[in-house]
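Okay, thanks everyone, let me share my screen. I'll keep this short, and you can have a look for yourselves while I talk.

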Amino acid sequence: MGEDFYCEEALSGRTPVTVVHETEDVVAFEHTRPSWPVHIVVVPKQHTPSLVDLGEGGEGLLGKVMQVVRSVAAEVTQRHGACRVITNLGAYQDSKHLHFHVVSGPRHP
């Protein structure tokens, strides 16, 4: 895998994903290798390196991403009673494309 799974695989269609929410600029889908019973990933469709490097999309695109994160988090919380929203930076960010994990339940071993 390259440095950007989301552009190279998920958004290109090379790796099929189950979409749970989509707008013109943002897509949320079930993680392809979930670490929690509920594990949804929210990504901008435009390449955006990370939370601290918003690239060309800037804060306007970040606002659109956060609207979808909020919507997905609200739905997961309503269905499951709680959720976490996680993003990673630096060495913790395996795919160099801004993404948020909306998760619920105990982490899989």
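I'll go through the sheet, then the helix across it, then the two pockets.

One thing up front: this is a predicted model. So, the sheet. It's open, with 5 strands in the order S1-S2-S3-S5-S4, and the pairing is antiparallel. S1 and S4, that's 84-86, are the edge strands, each pairing on one side only. On average, neighbouring strands are turned by 20 degrees against each other, ignoring direction.

Let me zoom in on S2, residues 26-30. S2 pairs with S3 in the antiparallel sense, over 5 bridges. Within that, Glu30 sits opposite Ile40 of S3. Keep those two in mind.

Now, which strands does H2 lie across? S1, S2, S3, S4 and S5, and H2 runs at about 165 degrees to S3.

On to the pockets. The largest one holds about 460 Å³ of space. Its lining is 20 residues, and the ones nearest the centre are Tyr6, His31, Arg33, Asp94 and His101. Helix H1, 5-10, and S3, 38-44, each put in at least two lining residues. By class, we get 8 nonpolar, 9 polar and 3 charged.

The second largest pocket comes in at about 210 Å³. It has 15 lining residues, and here's our pair again: Glu30 and Ile40 are among those nearest the centre, along with Val20, Val38 and Val76. S1, S3 and H2 each give two or more residues to that lining, with H2 supplying the largest share, 5 residues. The split there is 8 nonpolar, 4 polar and 3 charged.

That's it from me, happy to go back to any view.

Definitions and conventions:
Residues are numbered from 1 along each chain as its sequence is written. This is a predicted model: local features need pLDDT of at least 70, side-chain atom pairs count only at pLDDT 80 or more; totals for chains, interfaces and linings use all residues. Side-chain values use heavy atoms; hydrogens and water are left out. On a 1 Å grid over the protein atoms alone, a cavity is a set of points where a 1.4 Å probe fits but cannot get out, and a pocket is an open set with protein on both sides within 12 Å along at least five of seven lines; lining residues have an atom within 4 Å of a point. Grid points are joined across faces, edges and corners, and a volume is the space filled by probe spheres set on the points. Helices (H or I, at least four residues) and strands (E, at least two) are DSSP runs, numbered from the N terminus. Ala, Val, Leu, Ile, Met, Phe, Trp, Tyr, Cys and Pro count as nonpolar, Asp, Glu, Lys and Arg as charged, and the others, Gly among them, as polar. Two strands pair if DSSP finds at least two bridges between them. Axes are lines fitted to C-alpha atoms, for helices over the stretch in contact, and angles run from 0 to 180 degrees between N-to-C directions. Contact means heavy atoms within 4.5 Å.
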